Amino acid sequence: MKKGCYNPVERAADIETVVCRGGLRKYYRFRPARFYGGIATGDCLGCCLRCLFCWSWDNVIRADQRGVFHSPEQV
Ligand code: SF4
């Protein structure tokens with residue numbers, strides 16, 4: 001692999017060990033939004049990319065220090 005590059009598939013496997021625990025998944029917030037007449041959004045952790053324009057960088061690189069595990073039923 002070229003220096004400075006990374007393998008997103010390998011990173012996804014790594015991040016899965018941080019943000020998935022059995023049937024639970026890590027989320028860092030739940031919030032309402034006005035789109036489509038009103039929606040509820042659950043923001044989960046576990047992005048395997050590293051976009052230069054990322055608006056959520058701290059959550060991307062510190063997924064191990066952020067969020068709480070929730071079951072699908074809780075979400
Ligand atoms: S912008 Fe941030 S959260 Fe979105 S895909 Fe890129 S790195 Fe992941």
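1. A definition to start: the expected span of a helix is 1.5 Å times one less than its number of residues. Helices (H or I, at least four residues) and strands (E, at least two) are DSSP runs, numbered from the N terminus. With that in hand, helix 1, residues 8-19, has 12 residues and reaches 16 Å from its first C-alpha to its last, close to the 16 Å expected at 1.5 Å a residue.

2. A word on the ground rules, since this is a predicted model: local features need pLDDT of at least 70, side-chain atom pairs count only at pLDDT 80 or more, and totals for chains, interfaces and linings use all residues. Residues are numbered from 1 along each chain as its sequence is written.

3. Now the overall picture. The protein chain has 2 helices and 4 strands, and read along the sequence they follow the pattern α-β-β-β-α-β. Its C-alpha atoms fill a box of roughly 45 × 30 × 20 Å, taken along the principal axes. The radius of gyration (taken over C-alpha atoms) is 14 Å, whereas a compact globule of 75 residues would have one near 11 Å; that globule rule is 2.2 Å times the number of residues to the power 0.38.

4. Burial comes next. A residue is buried if 20 or more other C-beta atoms lie within 10 Å of its own, exposed if 12 or fewer, and partly exposed in between, with C-beta atoms placed from the backbone. Buried residues make up 7% of the 75 residues in the protein chain. In helix 1, the number buried is 0 of 12 residues, so this helix lies largely in the open. Strand 3 also lies largely in the open, because the number buried is 0 of its 6 residues.

5. Just ahead of helix 1, you will find Asn-7 in the segment before that helix. Asn-7 is exposed, with 11 other C-beta atoms within 10 Å. Its C-alpha atom is separated by 17 Å from that of Val-18, 11 residues apart along the chain.

6. On to the strands, where two of them pair if DSSP finds at least two bridges between them. Strand 1 (residues 20-21) and strand 2 (residues 24-33) pair in the antiparallel sense over 2 bridges, and Cys-20 has Arg-25 in strand 2 as its bridge partner. Their hairpin has 2 residues between the strands, and in it Gly-22 takes a positive phi near 60 degrees.

7. Strand 2 has further partners to look at. With strand 3 (residues 39-44), strand 2 pairs in the antiparallel sense over 6 bridges. Ala-33 stands opposite Ile-39 in strand 3, while Arg-31 has Thr-41 as its bridge partner there. The hairpin of strand 2 and strand 3 has 5 residues between the strands, with Tyr-36 at a positive phi near 55 degrees. Strand 4 (residues 68-70) runs antiparallel to strand 2, joined by 3 bridges, and Lys-26 has Phe-69 as its bridge partner in strand 4.

8. Finally, the ligand. Which residues are around the ligand? They are Cys-47, Leu-49, Arg-50, Cys-51, Cys-54, Ser-56 and Val-60, where a residue is near a molecule if its C-beta atom, placed from the backbone, lies within 6 Å of it. This shell divides into 5 nonpolar, 1 polar and 1 charged. Here Ala, Val, Leu, Ile, Met, Phe, Trp, Tyr, Cys and Pro count as nonpolar, Asp, Glu, Lys and Arg as charged, and the others, Gly among them, as polar.
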